Amino acid sequence: MSDVTIYTDGACRGNPGPGGWGAALSWQGKEKHLYGGERDTTNNRMELTAAIQALKALKRPCKVDLYTDSKYVRDGITKWMANWKVRGWKTANKKPVKNQDLWMELDAALGAHKITWHWVLGHSGVEGNELADELANRGIDELG
């Protein structure tokens with residue numbers, strides 16, 4: 001299994017509002033930058049989309065260190081998702097999981113990868129996170 005490092009970020013100007021996502025992937029000294037945007041979305045949807053698109057870009061099973069500044073994404077995937085699935089995508093309060101479509105897409109994107117999820121403090125000078133933030137903002141800027 002190849003070792004891949006991924007930094008992801010989402011951004012929104014207004015919440016909801018125009019949003020962007022960015023992902024910086026590195027593998028054996030090579031880098032790949034991904035980004036995109038949506039005209040009417042939320043920050044959480046963009047955070048999820050960044051992780052989904054980064055994992056979908058992997059061509060074979062990988063050992064991944066994925067860094068996000070979103071506790072929503074990190075906790076959702078490491079603490080909450082298993083129970084959501086058992087309850088038919090309902091929260092502990094029996095309410096539908098918000099952003100269920102993207103959580104299901106992220107679940108499918110996990111594939112055969114061995115992923116370690118890391119949380120980093122956003123806007124704190126972590127190089128990969130700063131790059132992912134720039135890419136997310138580029139996604140918004142290029143909406144036109």
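**Exercise 1. Contacts along the chain**

What share of the contacts in the protein with a separation of 6 or more comes from residues 24 or more positions apart?

Solution. The model is a predicted one. Take the contacts in the protein with a separation of 6 or more; residues 24 or more positions apart account for 68% of them.

**Exercise 2. Overall form**

Describe the fold order, and compare the radius of gyration with that of a compact globule.

Solution. Start with the elements: the protein contains four helices and five strands. Along the sequence they follow the pattern β-β-β-α-β-α-α-β-α. Next, take the radius of gyration. A compact globule of 144 residues would have a value near 15 Å, and the protein has 15 Å, so the two agree. The C-alpha trace spans about 45 × 40 × 25 Å along its principal axes.

**Exercise 3. Surface and interior**

State how much of the protein is buried and what supplies its exposed area.

Solution. Of the 144 residues, 45% are buried. The exposed area is about 7700 Å², and carbon and sulfur atoms supply 49% of that area.

**Exercise 4. Classifying a ring pair**

Decide whether the rings of Trp84 and Trp89 are stacked, tilted or edge-to-face, and whether each residue is buried or exposed.

Solution. Two quantities are needed: a pair of aromatic rings is described by the distance of the centres and the angle of the planes. Rings pair if their centres lie within 6.5 Å, and by this rule there are five aromatic pairs. The centres of Trp84 and Trp89 are 6.4 Å apart, so these rings pair. Their planes stand at 40°, which is neither under 30 degrees nor over 60, and therefore the pair is tilted. For burial the cut-off is under 20% relative accessible area. Trp84 has 7% relative accessibility, so Trp84 counts as buried. Trp89 has 11%, so Trp89 is buried too.

**Exercise 5. A second pair of Trp84**

Which kind of pair do Trp84 and Trp103 form, and which helices hold them?

Solution. The centres of Trp84 and Trp103 are 5.1 Å apart with 70° between the planes, and the pair is edge-to-face. Trp84 belongs to helix H2 (residues 71-86) and Trp103 to helix H3 (residues 100-109). With their positions 19 residues apart, the pair links distant parts of the chain. Both residues are buried.

**Exercise 6. The cluster and a charge over a ring**

Name the members of the aromatic cluster, then say which ring Lys71 lies over.

Solution. One aromatic cluster is formed by Tyr72, Trp80, Trp84, Trp89 and Trp103. Lys71 lies over the face of Trp119, 4.5 Å from the ring centre.

Technical notes:
Residues are numbered from 1 along each chain as its sequence is written. This is a predicted model: local features need pLDDT of at least 70, side-chain atom pairs count only at pLDDT 80 or more; totals for chains, interfaces and linings use all residues. Side-chain values use heavy atoms; hydrogens and water are left out. Rings of Phe, Tyr and Trp (its six-membered ring) pair if their centres lie within 6.5 Å; planes under 30 degrees apart count as stacked, over 60 as edge-to-face and the rest as tilted. Buried means under 20% relative accessible area, exposed over 50%, partly exposed in between (1.4 Å probe, protein chains only). Helices (H or I, at least four residues) and strands (E, at least two) are DSSP runs, numbered from the N terminus. A charge sits over a ring if NZ of Lys or CZ of Arg is within 6 Å of the ring centre and within 35 degrees of the ring normal. The radius of gyration is taken over C-alpha atoms; the globule rule is 2.2 Å times the number of residues to the power 0.38. Contact means heavy atoms within 4.5 Å. Accessible areas come from the Shrake-Rupley method with a 1.4 Å probe; for residues, only the protein chains shown count as cover.
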